[in-house]
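Ready for some practice in reading a protein model? Work through each exercise with the structure open, and try it yourself before you look at the solution.

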Amino acid sequence: MNKKMSRTKSIVLFVVMLLVVVIAGAIVLWGLPNVKIGNTDFGGRGSARNITQGLDLKGGTSITYQVEKGATNEEISDTRAKLEKRVQQFSTEATAYREGNDRITVDIPGAYDADEVIDELGKPGKMYFCTLASDVTPTEEQLKNEEYIKLNDQYYQVWLTGNDVVDAQGESQTDQDTKQLQYVVSLTFSESGGDAFYNMTSQYVGQQNYIIYNDEIISAPTIKQAISGGQAIIDGQSSIDEANQLASNIRIGGLTVSIEELSHSVQSAQLGNDALSKSLQAGLIGFILICIFLIFVYRVPGFAAALSLVAYVILMLLALNGFDLTLTLPGIAGIILDIGMAVDANVIIYARIREEIAAGRQVKTAIHTGFSKATSAIVDGNITTLIAALVLLWRGSGTVQGFATTLAIGILVQLFTSLVISRALVWLLYFMGFQKAVLYGKEKVKRTISFVQKKALWFAISIIVILVGLGSIGYNTVVNDSPFDYSIEFKGGISMSVEFEKEYTIDYFNDKIKPDIEKILNTPDVQGQQDTSNKKLFTIKTRQVNEEEFDEIRKTLIDNYKAVDKEENFGNTEISDTISSEMRRDAVIATIFATICMLIYIWIRFKNIQFALAAVTALVHDVLIVVGFYAISGVTVGTTFIACLLTIVGYSINATIVIFDRIRENRSLMKRGDKMIDVVNNSITQTLTRSIYTTLTTFVMVFMIFIMGVSSIREFTLPLMVGIIVGMYSSVFVTGSLWYVLKGRKYDKQLEQ
């Protein structure tokens, strides 16, 4: 009776879980039903189509600013960097770059109301924090140096400028005295700005501080006390919208020079309108193949794994929507890595269950023990990758932050689906009656492979491949004056405005017009965007061109595609990189710091510095090989380059942790006279199936996107596939042998003495 009741309850719970998955899936596909609570309409929310997409996938708003005359090159560069920080309040994927000598263009993904963006961003101009100078008549020199300013026939003493403001945010908080909700602007100053603000507030307690922006007083709060520490609050705002607006004006007023909005437009997707749909179709096919593979190999647990993967995808899409994240190609890379780690987690668990069944355990005991033994490897691998993601989120910028955010959320979601949902499904299926060992499979006894004995061969292969890659980098540097084929995002280029006599779609441009330009310039680094308000107008960005190349492009577009043949058409302007030196520096610093943090975690967790050194060496090994592949193959190094390397770092460290966890476990079972070399060989052999299966399933997902995606996506997925294969090679052939050289060999030598 108990068994029957248990089975009945299991069936009910299983059906409930399926219903939850179906309902969540419906929300992802179609959104919430039309429900209105108060003034808030929830209709359509949650739908995957509402996920904000980046410039590469869907397009966004492009705004061009004119810099004030007389600004130096350094001031313009500083303004570009600060403006990029401002626009990243809309999206971490927003970029800013110089256009010509005196213009700055910002591209903001997903924001289609350009006027609204400009209003929210604030009108750029100069900002001053002042006090009234009623008894002072400044000299011409003081006015010229902006120690004082004149407004409406009144002089004001300038204590600091908007350039001294590090950040300004609108907030709501409770007043400690009245307990009333109030709306404020929280200010953070630079070190020198904080000192100047303290000097002002200490001398003018009880008087007003005038914040003057674009020759207008936008706020005049009363100074209540001397304020030190570089932090301040402006209270008295009537609403959170008013506080946010003031904060926006203060942020934009912190630019080094004044800029004036010159033009704005809404641009189409860089990769084409069907880039995402093609990637999703390919990803869906790959995902289905993975689920079929898991069911075929692991049977009942494989079915549970497939359902948990479906749950992961649904929860991940809901998270992207709920956190209002911008999905770009680097973000898709993070999701691919998370899916690979989710598959890996299930493979580790079910391989363990099969091992326990092969050892003679009952299925029930095998399930319990399998999850228990697999948990440490799964948690360690995910925490190590999560540490890297959090450091990248903290220290990175731009696409690096977008990748890190998606990766971090995905890790937490897949841990939940792998260790909670998958476990629940397996137990429910077991109590529903699927209890025979044949339904779970039995791990075959493997003959131990002598990996470590052939370490010289593995090390030699790695060294040769790395040296070939480094040699290619050196060759390219000498012959082509550049180690890689850098894209315009890295080295800048030109922007060309071309109007056609007829309307073309962005997909037609990418399929027909773009290849012709690429052939003329002998580079795949050509980007096109369509002005959605004038669909005959395209902005074409590519590398620097000479006069002969420009004339050939012009002739081709006029003769073959009916471009308007007039003097003002084909105007081209030099543009700077969109991946700024600051972003590159942040990415390098973040990656180095993340590597150090991972090393420390592995050291502490495994209580062995040699494990950490071997893991980090393997990580560097994988990155060097993939970087060498970029140099050898000529694949363009663009925005996805950083995301590709970071994906490989996460994939590599996760694979290495699995093998090290098995070595740690087997070391604890060593008997007197056992050799460490045998422990390492056994550990690698025992996890070999997992390494092959995980690599195969992740590779299939990326490969489907490669063969079905647009050309730009193929350029991203090709080195990613190389990295996946290299990651498996290093985890199986390099890391274990390297750890043995660093630590295990000494143990065996002592045993022989």
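## Exercise 1: An open sheet

Three strands make an open sheet, in the order 10-11-14, and their pairing is antiparallel. Keep in mind that you are looking at a predicted model.

**Task.** Find which strands are the edge strands of this sheet.

**Solution.**
- Step 1. Look for strands that pair on one side only: these are strand 10 (165–174) and strand 14 (231–237), the edge strands.
- Step 2. Check how neighbouring strands are turned against each other: the average is 25°, with direction ignored.
- Step 3. Zoom in on strand 11 (residues 181–189) and strand 14, which run antiparallel and are joined by five bridges.
- Step 4. Pick one residue pair to follow: L187 has A232 in strand 14 as its bridge partner.

A reminder for your notes: strands of a sheet pair through backbone hydrogen bonds, either parallel or antiparallel.

## Exercise 2: Just after strand 11

**Task.** Decide whether S190 is buried, partly exposed or exposed.

**Solution.**
- Step 1. Locate the residue: S190 sits in the loop between strand 11 and helix 5 (191–203).
- Step 2. Recall that partly exposed covers the range between the buried limit of 20% and the exposed limit of 50%.
- Step 3. The relative accessibility of S190 is 22%, so S190 counts as partly exposed.
- Step 4. Now look at its surroundings: beyond its neighbours within four places in sequence, S190 is in contact with D164 and V166.
- Step 5. Try a distance too: G229 is 39 residues from S190 along the chain, and their C-alpha atoms are separated by 9.9 Å.

## Exercise 3: A hairpin

**Task.** Work out how many residues lie between strand 8 and strand 9 in their hairpin.

**Solution.**
- Step 1. Find the two strands: strand 8 (residues 148–151) and strand 9 (residues 154–161) run antiparallel, joined by four bridges.
- Step 2. Spot a facing pair: L151 stands opposite Q154 in strand 9.
- Step 3. The hairpin has two residues between its strands, and N152 in the turn has a positive phi of about 55°.

## Exercise 4: Positive phi in loops

**Task.** Find where D481 and N522 lie, and say whether D481 and N522 are buried or exposed.

**Solution.**
- Step 1. D481 lies in the loop between helix 12 (455–480) and helix 13 (488–491). Although D481 is not a glycine, its phi is positive, about 60°.
- Step 2. N522 belongs to the loop between helix 14 (506–521) and strand 18 (526–530). Its phi is also positive, near 55°, and N522 is not a glycine either.
- Step 3. With 69% relative accessibility, D481 counts as exposed. N522 is exposed too, since its relative accessible area is 73%.

## Exercise 5: Two helix residues

**Task.** Classify R690 and I604 as buried or exposed.

**Solution.**
- Step 1. Place them: R690 is in helix 20 (residues 688–708), and I604 is in helix 16.
- Step 2. R690 has a relative accessible area of 6%, so it is buried. Setting aside neighbours within four places in sequence, R690 is in contact with D344, V347, I348, N654, A655 and V658.
- Step 3. I604 has a relative accessible area of 59%, so it is exposed.
- Step 4. See what I604 joins: a nonpolar surface patch of about 840 Å², whose members include W394, F593 and W603. Helix 16 (residues 581–606) gives the most to this patch, with seven residues.

Key
Residues are numbered from 1 along each chain as its sequence is written. This is a predicted model: local features need pLDDT of at least 70, side-chain atom pairs count only at pLDDT 80 or more; totals for chains, interfaces and linings use all residues. Side-chain values use heavy atoms; hydrogens and water are left out. Patches are made of residues with over 30% relative accessible area and no salt bridge: like charges are joined within 9 Å, nonpolar side chains (Val, Leu, Ile, Met, Phe, Trp, Tyr) within 5 Å. Accessible areas come from the Shrake-Rupley method with a 1.4 Å probe; for residues, only the protein chains shown count as cover. A salt bridge is a side-chain nitrogen of Lys or Arg within 4 Å of a carboxyl oxygen of Asp or Glu. Buried means under 20% relative accessible area, exposed over 50%, partly exposed in between (1.4 Å probe, protein chains only). Two strands pair if DSSP finds at least two bridges between them. Axes are lines fitted to C-alpha atoms, for helices over the stretch in contact, and angles run from 0 to 180 degrees between N-to-C directions. Contact means heavy atoms within 4.5 Å.
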